[in-house]
Amino acid sequence: MTERRAIRVTGIVQGVGFRPFVHVRAVRLGLAGFVGNDERGVVVEAEGPGPALDSLERALAEGPPAALVTGVAAVRIAPRGERGFAIVPSAAHGSAATLISPDLATCADCVRELFDPADRRFRHPFLSCTNCGPRFTIVTGVPYDRGTTTMAGFPMCPACAAEYHDPADRRFHAQPICCPDCGPVLRFLPGWGPEVAEAAADPLTAAAEALLGGAVVAVKGLGGYHLAALAADPRPVGALRARKHREDKPFAVLVPDLVAARKLCEVAPEEEALLRSVQAPIVLLRRRGDADVAAAVAPGDRHLGLLLPYTPVHHLLSAAVGAPIVLTSGNVSDEPIAHRDADARERLAGIADAALVHDRPIRTRADDSVARIVRGAPYLVRRSRGFAPAPLPLAFGAERVVLGCGAELKNTICLLRGREAFVSHHVGDLENAETLAAFTDAIAHLGRLLEVTPELVAHDLHPEYLSTKWACAQDLPLVGVQHHHAHLAACLAEHGEPGPVIGIACDGLGYGTDDTLWGGEVFDVSLTGFTRVAHLEPVPLPGGTTAIRQPWRTAAAWLRTAGAELPGMPERIGAAWLAVQALLDSPLGQPITTSAGRLCDAVAALCGLRYRTTYEGQAAIELERLAAPGVTEAYPVSVHDQCARNPASPRVIMVSELVRAVVAELRRGVAAPLVAARFHNGLAAGLATAATGAARERGRDTVALSGGVFQNMLLLEGVRARLDREGLRVLVHSRLPCTDGGISLGQVAVAAATT
Ligand code: ZN
Ligand code: ZN
Ligand code: FE
């Protein structure tokens, strides 16, 4: 029997080839009707037998590869006896509910054309289609159209225009399409500096030759400039480190294909899927012993970050070089990645010997995203290019438009529109004028694209964060959200959980409600509030934030607190050791912290691993690497009532016991890798014991884990396995990182739930 259904599809469904996709499916199923766009998404009316309509609805829920379907709603209407299936013109154009797609890695069809000598786009560095290509990084405004992208300056040639207007073509309404006749132009500059160098005739071959000859080449990519060097050659990789002032932090490596990836790393099926996904992030993989990369690529690391080509330029360059290439962000040390041509030329001239550039402007800077697979699921280190600004559907909504302005480091911002949260690209560390400008631009630009104006601002409690200061300067209602409440709320929001649950926040430093610096916390937590039920034993932080770059200072504080001594250490530090002892004796006192990150730093210093760091979290990361694998013993640690007379006061995880065990074993000459492993196990056990106790007392069956220190796989797995054994349900992040990059979502979630 013939039925007719009106079907509405919402999500990222425009500019991603949805209408041609529906057309092909409907015709194949023998259905009549039409498909079109309106201001809320895609509308379909289809007529035919019920089972065929059911199949169409299932196809709609999947969508084409680039789509992100958040809803399919169908209602039965009266049949019209129509014949044929049509794509109809858009009813209204680009209004409030449209979504801007993230950038999409080059699809298989386009790669085939790229390497097909018979195709008119053979070796065209800017080919794309409705399923792939630049999106968010080139969008300048709404409605999403050619004219509101940085392709506006490249009028389509007749051949491209014909494809663009043909509903049956796979480039139907693909805004960035172009060809060698009408698209941007790639240029290779053999020298790079203030004076313009002569461009080479065949830019890709010239760039490949330069790389093979040992040059550092700046490559203008999708979301910014990269610096490239031959990964197997120690000379350019070393030069890149020295010129970038990046001493130890690992570099990512671009490999031409999976065969090349497998020569460097072990690649499990889930990891392969992540490498090949439309987001195409850098994936952290277990490195093979015989991996042929220079030692300076990732010093001392058992992992390598690999990525596959995700734009035609990267495909062509990779194929021309035929070997793995280091691809790292185009910047000096902690600055944001360069994305505008003049600025890049100025900042990168002293680093790159040559440059591969093009004339398509980048509107929005987007760093490569970084992820790993944990227990078969993606676990993000950085969420940016390819992911942002895809919406995260929430289980709750807000009447007002809420802005979460994030934290200080690894800043992102988040806008809540209805029930959808839009977390921005990675803005960076708000430590200089340039990132602060990027921060205000991110807020303004994302607001413009979503056609919303913030009506409420959620911010961190830290009075010195530039994001907090910015929030307080706005003439808008404010909601202050404690840093670790925001971390755990982000984890809850991702899982559609309102709480209450028990939450463990393992972090660097976050401002607490008692004006101390928290970071090893157990909360009874929901979106609307939290109770601090346990925390790590507090310790002074001598010299405040100086201790972040000098872990030996926290080690000195822990030795004092634990009443322990480590012979030799004061001598190795020298005069500064005595100065810190004086600080610890000073009646003025030092900032107090319960940070798990600073504790790991301190133990790294006790193990003699590192006294001074060159990037955030370095000592803790190296301690994790040092730990001997497969060790199950743990140093004992107890959980105490802080104040027996006041049962409401938080329990304390007695870190002093851990520190005394570390020192005793080091003094006995136990090898540092064993000490590191037993320390991690002890800390994980302490946190898990406190969380389990709190869950039993308060009748909770779920524990959420968040905070940047949960990038440490030994702690993550150590805590998780212990909670699993207790029969507790464990929530970890999978759509946002556990770092401060997730804070903006947590702020929005709390603000929406409490106002
Ligand atoms: Zn494509
Ligand atoms: Zn063209
Ligand atoms: Fe944090």
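Start by selecting Pro-389, which sits in the loop between strand S15 (377-382) and strand S16 (391-393). Keep in mind that you are looking at a predicted model. Now add Ala-388 to the selection: the peptide bond joining Ala-388 and Pro-389 is cis, with omega at about 0 degrees.

Step back along the chain to Arg-375, in the loop between strand S14 (370-374) and S15. Its phi is near 45 degrees, a positive value in a residue other than glycine.

For another cis bond, pick Gly-499 and Pro-500; here omega is about 5 degrees. Pro-500 belongs to the loop between H13 and strand S22 (501-511).

**The iron ion**

Next, show ligand 3, the iron ion, and the side chains of His-483, His-487, Asp-507 and Asp-740. The two histidines each offer NE2, Asp-507 appears with two OD atoms and Asp-740 with one OD, at 2.1 to 2.6 Å. Along the sequence, the donor residues are spaced H-x3-H-x19-D-x232-D. Colour His-487 and Asp-740 to see how distant parts of the chain are linked: His-487 is in helix H13 (residues 483-494), while Asp-740 is in the loop between strand S30 (729-731) and helix H23 (743-754), 253 residues apart.

**Helices H13 and H23**

While you are here, show H13 and H23 as cartoons. How far apart are the axes of H13 and H23, and at what angle do they pack? The axes are 7 Å apart and the angle is about 85 degrees, so the two helices are roughly perpendicular to each other. To view the contact, select His-483, His-485, Ala-486, His-487, Ala-489, Ala-490 and Ala-493 in H13, together with Ile-743, Leu-745, Gly-746, Gln-747, Ala-749 and Val-750 in H23. The residues of this contact divide into eight nonpolar, five polar and no charged.

**The zinc ions**

Move on to ligand 1, a zinc ion whose protein donors are the SG atoms of Cys-107, Cys-110, Cys-129 and Cys-132, lying 2.3 Å from it. Angles among the four donor atoms run from 104 to 118 degrees, and the site is tetrahedral. Cys-107 lies in the loop between strand S5 (85-87) and H3, and Cys-129 in the loop between H3 and H4; the pair links parts of the chain 22 residues apart.

Then centre on ligand 2, a zinc ion held by the SG atoms of Cys-157, Cys-160, Cys-179 and Cys-182 at 2.2 to 2.3 Å. Why is the arrangement around this zinc ion called tetrahedral? Because its four donor atoms subtend angles of 103 to 118 degrees. The donors follow the spacing C-x2-C-x18-C-x2-C along the chain. Cys-157 is in the loop between helix H3 (108-114) and helix H4 (158-165) and Cys-182 in the loop between H4 and strand S6 (186-189), so this pair ties together parts 25 residues apart in sequence. Look back at ligand 1, whose donors also have the spacing C-x2-C-x18-C-x2-C.

**Last stop: H1 and H2**

Finally, select helix H1 (residues 18-28) and helix H2 (residues 50-62), which pack at about 155 degrees with their axes 10 Å apart. The pair is therefore roughly antiparallel, and its crossing is right-handed. Show Phe-18, Phe-21, Val-22, Arg-25 and Ala-26 in H1, which meet Leu-56, Ala-59 and Leu-60 in H2. Of the residues in this contact, seven are nonpolar, none polar and one charged.

Notes
Residues are numbered from 1 along each chain as its sequence is written. Chains are lettered from A and ligands numbered from 1 in the order in which they are written. This is a predicted model: local features need pLDDT of at least 70, side-chain atom pairs count only at pLDDT 80 or more; totals for chains, interfaces and linings use all residues. Side-chain values use heavy atoms; hydrogens and water are left out. Axes are lines fitted to C-alpha atoms, for helices over the stretch in contact, and angles run from 0 to 180 degrees between N-to-C directions. Helices (H or I, at least four residues) and strands (E, at least two) are DSSP runs, numbered from the N terminus. Angles under 35 degrees count as roughly parallel, over 145 as roughly antiparallel, 65 to 115 as roughly perpendicular and the rest as oblique. A crossing is left-handed if the near helix is turned anticlockwise from the far one by less than a right angle, and right-handed if clockwise. Contact means heavy atoms within 4.5 Å. Ala, Val, Leu, Ile, Met, Phe, Trp, Tyr, Cys and Pro count as nonpolar, Asp, Glu, Lys and Arg as charged, and the others, Gly among them, as polar. Donors are N, O and S atoms within 2.8 Å of the metal (3.2 Å for Na, K and Ca); water is not among the atoms, so sites may look incomplete. Four donors count as tetrahedral if all angles lie between 85 and 135 degrees; four count as square planar and six as octahedral if opposite donors are over 155 degrees apart and all others between 65 and 115; anything else is irregular.
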